[in-house]
Amino acid sequence: MGWTYPYGVDRKQLIAQRVEGWERDTGDMLVKSTCLKHCYRGGVFSGVLWSVWERTFTKNGEEAQPSERWIQCDLLRCDRGDWGYKDMEESMGPFYFSCPLGYLELVPIDRYGGNAEWREQVVEHHRRRAEKRKCRAIIV
């Protein structure tokens with residue numbers, strides 16, 4: 001998968017586009033995807049947009065099939081003034097681990113599935129960061 005560069009958008013606009021929900025009437029049911037939560041972690045010219053998504057399926061106002069949830073990882077970067085993204089999701093095992101721990105709780109693996117190995121690495125990433133902060137506090 002490559003990078004996508006929408007025309008003429010800055011980082012803020014790109015993030016707004018990437019977290020915008022949608023709905024579609026298939027004729028048989030209404031499918032709706034909603035971003036439940038999102039955050040950007042990174043710098044001025046690149047970073048990661050983390051988001052939690054939920055997709056619902058309704059027919060005549062009733063649940064037609066169980067909802068789906070997943071964690072999305074969008075790499076964002078600015079290249080010669082243009083902002084672009086590369087989208088991945090948890091099952092792809094992205095080599096990025098700054099996903100907020102709370103997002104793992106929003107998408108319980110026993111209910112929605114997911115990548116257990118990647119989740120363990122996310123937890124370990126946060127444990128190491130907390131340990132580093134603790135060591136810095138002792139030194140200061």
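His38 has Ser51 as its bridge partner in strand E3, and that pair is a handy way into this predicted model. Around it sits an open sheet of five strands, ordered E1-E2-E3-E4-E5, with antiparallel pairing. E1 and E5 (82-89) stand at the edges with a single partner strand each, so one side of each has no neighbour in the sheet. From one strand to the next, the twist averages 25 degrees.

**How the strands pair up**

- Start with E1 (residues 22-25) and E2 (residues 30-42): they run antiparallel and are joined by four bridges.
- Within that pairing, Glu23 stands opposite Lys32 in E2.
- E1 and E2 make a hairpin with four residues between them. Look for Gly27 in the turn, where phi is positive at about 95 degrees.
- Next along, E2 and E3 (residues 46-59) also run antiparallel, and 12 bridges hold this pairing.
- There's a hairpin here too, with three residues linking E2 to E3.
- E3 then pairs with E4 (residues 62-79) in the antiparallel sense, over 13 bridges.
- If you want a spot to find in that pairing, try Val52, whose bridge partner in E4 is Ile71.

**Helices to look for**

- Helix H1 (residues 11-18) lies across four strands of the sheet, namely E2, E3, E4 and E5. Its direction is at about 30 degrees to E5.
- Helix H4 covers residues 116-139, and His125 is part of it.
- His125 counts as buried because its relative accessibility is 18%, and the cut-off for buried is under 20%.
- Leaving aside residues up to four places away in sequence, His125 touches Phe97 and Ser98.

**What the cysteines are doing**

- How many disulfides does the structure hold? Zero.
- Cys39 is in no disulfide, and the nearest cysteine sulfur, which belongs to Cys99, is 7.4 Å away.
- Cys39 has a relative accessibility of 18%, so this cysteine counts as buried.
- Why is Cys73 without a bond to Cys99? The sulfur in Cys99 is the closest cysteine sulfur to that of Cys73, but at 8.3 Å it's too far for a bond. A disulfide needs the two sulfur atoms within 2.5 Å.
- Cys73 is buried as well, with a relative accessible area of 1%.

Definitions and conventions
Residues are numbered from 1 along each chain as its sequence is written. This is a predicted model: local features need pLDDT of at least 70, side-chain atom pairs count only at pLDDT 80 or more; totals for chains, interfaces and linings use all residues. Side-chain values use heavy atoms; hydrogens and water are left out. Helices (H or I, at least four residues) and strands (E, at least two) are DSSP runs, numbered from the N terminus. Buried means under 20% relative accessible area, exposed over 50%, partly exposed in between (1.4 Å probe, protein chains only). Contact means heavy atoms within 4.5 Å. Two strands pair if DSSP finds at least two bridges between them. Axes are lines fitted to C-alpha atoms, for helices over the stretch in contact, and angles run from 0 to 180 degrees between N-to-C directions.
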